[in-house]
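Trainee: Could we take a close look at a single part of this model, the surroundings of the ligand? Please set out the criteria along with the findings.

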Amino acid sequence: MKKVPFFNYPELYNSNKEEFLKIFDEVASRGAYILQNDIVEFEKSIANYCNVKHAIGVANATDALEMAFHISGIKEGDEVILPSHTMTASPSAVIANKGIPILVDCNEEGMINPDLIEEKITQKTKYIMPVQLNGRTCKMEKIISLAEKYHLTIIEDSAQGLGSTYRGKQAGTFGLAGVFSFYPAKILGTFGDGGMIITNDDTFAEKCFKFRDHGRSNLDCEMWGRNSRLHNLHAAFLNFQFKSFNKTIQRRREVAKLYHKYLVDESNIKLPLFDDDNHFDTFQNFEVLVNKRDQLKEFLAINNIGTIIQWGGKAIHQFERLGLNHFDLPQTDKYFENCLMLPMNLFISNDDVKYVSQKIIEFYKNA
Ligand SMILES: *Cc1c(COP(=O)(O)O)cnc(C)c1O
């Protein structure tokens with residue numbers, strides 16, 4: 001029986017095993033484990049690609065967000081506006097800095113609804129954190145103009161956004177800083193955790209470079225910091241993977257097009273938007289809205305098709321014990337009754353996409 005896992009972790013390695021073994025051997029033989037040429041090269045590549053001045057390799061995107069808020073000078077009690085459809089990492093970066101997350105409802109795409117931001121702004125609001133979800137960048141004009149009007153700093157959670165653009169501008173480059181994640185299942189994923197901060201601000205960047213390495217510069221401690229360095233070995237693997245990043249994006253877009261082709265006439269499923277004059281989408285995830293979501297998920301599982309409801313099935317305000325359930329977010333609640341992520345990665349074949357689509361159609365025929 002055919003099997004389509006949601007993500008194929010072994011294949012991340014096995015698909016380029018020879019190359020990765022060579023890289024491991026070459027880097028380890030040099031003893032180049034911490035902050036060596038490979039990370040410098042990777043930081044340059046990402047900075048160039050995103051057309052920003054600085055990229056700072058860190059341990060993961062959660063650290064990247066936490067550091068970005070800390071270094072930008074967040075104070076206790078500062079309010080940060082963000083969507084509820086995001087990973088806990090986004091509000092936890094605020095909480096870790098004694099800030100207050102203020103959650104905003106989503107629009108039909110599942111992204112922060114820019115029209116609902118202004119009513120949440122108070123004297124205490126200091127930041128907006130848009131989340132560039134699923135490989136799509138938010139409509140940024142309104143967010144930027146609100147930030148200007150109320151003197152708010154934009155820090156983007158673009159952990160899922162690498163390569164996606166809005167009006168030709170890369171995710172992560174719209175405010176003071178953006179972050180990326182190199183978690184294995186991310187669009188550019190390594191064999192473990194990894195992350196990055198990007199920025200055009202020289203002073204901010206200099207502090208990030210120091211902060212991730214114990215506040216040091218040339219071994220002199222110039223400020224308090226922490227250890228949050230992207231492993232040099234991971235950077236070496238990522239340098240190799242980044243060479244084919246355009247192909248990676250292209251393939252994901254092909255898979256998305258195939259899903260669209262097969263499922264366009266199925267009225268029980270709402271497919272993610274695909275490009276337009278402003279957006280370039282990279283499909284970090286292929287998140288659909290479906291009727292009878294839980295039954296469909298179960299039916300697909302019986303047919304060996306792996307699907308995931310993002311964040312374990314809950315938006316931030318729906319995790320009772322995180323204490324943010326006082327936010328009233330009807331659109332997000334509705335979204336989380338219907339959302340489901342279909343397999344979307346480099347390791348699924350055109351046949352797999354067809355099989356998944358056929359099974360979805362079959363489910364609704366018999367439902
Ligand atoms: C993956 C992810 C993160 C966290 O990234 P890590 O590198 O795992 O810390 C943060 N925000 C979003 C939206 C993510 O998808």
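Mentor: The answer below treats the ligand site and then one loop residue.

This is a predicted model, in which local features need pLDDT of at least 70, side-chain atom pairs count only at pLDDT 80 or more, and totals for chains, interfaces and linings use all residues. Residues are numbered from 1 along each chain as its sequence is written, and side-chain values use heavy atoms, with hydrogens and water left out.

The ligand is surrounded by 14 residues (a heavy atom within 4 Å), the closest being Ala 61, Thr 62, Asp 157, Ser 181 and Lys 186. This shell comprises 6 nonpolar, 6 polar and 2 charged residues, where Ala, Val, Leu, Ile, Met, Phe, Trp, Tyr, Cys and Pro count as nonpolar, Asp, Glu, Lys and Arg as charged, and the others, Gly among them, as polar.

Three polar contacts (N or O atoms within 3.5 Å; within protein, one must be able to donate a hydrogen and the other to accept it, and residues adjacent in sequence count only if both atoms are side-chain atoms) may be described in turn. The side chain of Thr 62 places a polar atom 2.5 Å from a ligand oxygen. A ligand nitrogen lies 2.7 Å from a side-chain N or O atom of Asp 157, and for Ser 181 the side-chain N or O atom is 2.7 Å from a ligand oxygen. Of the 380 Å² that the ligand exposes when taken alone, the protein buries 94% (Shrake-Rupley method, 1.4 Å probe).

Gln 132 belongs to the loop between β4 (125-128) and α6 (141-149), and its side chain makes a polar contact of 2.9 Å with that of Glu 156.

Note on methods
Helix = DSSP H or I, 4+ residues; strand = E, 2+ residues; numbered from the N terminus.
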